Amino acid sequence: KQWYQRRVRVILTAHNETTDAGLIDLSRGCLMLEQLDICGSKHITYPALKTLILACTNLSILDVSYCLKVSVKDVANLQKLSSTISIKDVATFASKSQDAVFNF
């Protein structure tokens, strides 16, 4: 038998209805989650993101850029929870943009 694993991507860019409770529900019900884009979310906080990262061990891409309640320090602490996850935030984009300008 061949087994196929589904890759699960959830894109909620600028979805202002997304809350910590919703994110925690997602972490409980979608353990195969590999990518989550919540760019621009207004209500997501560090504790919910920590719960998600610890529960969804397949998560490899997390975009929290422009999330109003997620600080650069929060992102650094989240990154420490998993060595396999790539977390995109405003600082990441700013750094890459500056590199692109200087490498022009």
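How many helices and strands does the chain have? In this predicted model, the chain has four helices and four strands, and the views below take up the sheet, the helices and one loop residue in turn.

**View 1. Overall order of the elements along the chain.** Read from the start of the sequence, helices and strands follow the pattern β-α-β-α-β-α-β-α. Of the 104 residues in the chain, 32% are buried. Among contacts between residues at least 6 apart in sequence, 76% join residues that are at least 24 apart.

**View 2. The open sheet of four strands.** The strands are arranged in the order β1-β2-β3-β4, and their pairing is parallel. The edges are formed by β1 (8-11) and β4 (86-88), each of which pairs on one side only, and the twist from one strand to the next averages 15 degrees. In general, strands of a sheet pair through backbone hydrogen bonds, either parallel or antiparallel.

**View 3. The pairing of β2 with β3.** Strand β2 (residues 33-37) and strand β3 (residues 61-63) run parallel and are joined by three bridges. Within this region, Q35 stands opposite I61 of β3.

**View 4. The packing of α1 against α2.** Helix α1 (residues 20-29) and helix α2 (residues 46-55) pack at an angle of about 5 degrees, and their axes lie 9 Å apart. Because angles under 35 degrees count as roughly parallel, α1 is described as roughly parallel to α2. From α1, the residues D20, L23, I24, L26 and S27 take part in the contact, and they meet A48, L49, T51, L52 and A55 of α2. By character, the residues of this contact divide into seven nonpolar, two polar and one charged.

**View 5. Helix α2 on the sheet, with its buried side.** Helix α2 lies across β2, β3 and β4, and runs at about 170 degrees to β3. The residues A48, L49, L52 and I53 of α2 are buried, and because they cover an arc of only 135 degrees around the axis, they are placed on the same side of α2. As a general point, an α-helix has 3.6 residues a turn, so residues three or four places apart point the same way. The buried residues of α2 pack against α1, β2, β3, α3 (72-81) and β4.

**View 6. The buried and exposed sides of α3.** In α3, the buried residues are D74, V75 and L78, and they cover an arc of only 100 degrees around the axis, which puts them on the same side of the helix. On the other side of α3, by contrast, V72, K73 and K80 are exposed. The buried residues of α3 pack against α2 and β4.

**View 7. The surroundings of D89.** Residue D89 is found in the loop between β4 and α4 (90-102). Where does D89 fall, buried or exposed? With a relative accessibility of 7%, D89 counts as buried, because the cut-off for this class is under 20% relative accessible area. When its neighbours within four places in sequence are left aside, D89 is in contact with V64, S65 and V75; among these, V75 is also one of the buried residues of α3. The C-alpha atom of D89 is separated by 8.2 Å from that of C67, although the two residues are 22 apart along the chain.

Definitions and conventions:
Residues are numbered from 1 along each chain as its sequence is written. This is a predicted model: local features need pLDDT of at least 70, side-chain atom pairs count only at pLDDT 80 or more; totals for chains, interfaces and linings use all residues. Side-chain values use heavy atoms; hydrogens and water are left out. Axes are lines fitted to C-alpha atoms, for helices over the stretch in contact, and angles run from 0 to 180 degrees between N-to-C directions. Helices (H or I, at least four residues) and strands (E, at least two) are DSSP runs, numbered from the N terminus. Angles under 35 degrees count as roughly parallel, over 145 as roughly antiparallel, 65 to 115 as roughly perpendicular and the rest as oblique. Contact means heavy atoms within 4.5 Å. Ala, Val, Leu, Ile, Met, Phe, Trp, Tyr, Cys and Pro count as nonpolar, Asp, Glu, Lys and Arg as charged, and the others, Gly among them, as polar. Two strands pair if DSSP finds at least two bridges between them. Buried means under 20% relative accessible area, exposed over 50%, partly exposed in between (1.4 Å probe, protein chains only). The arc is that of the directions from the helix axis to the C-beta atoms.
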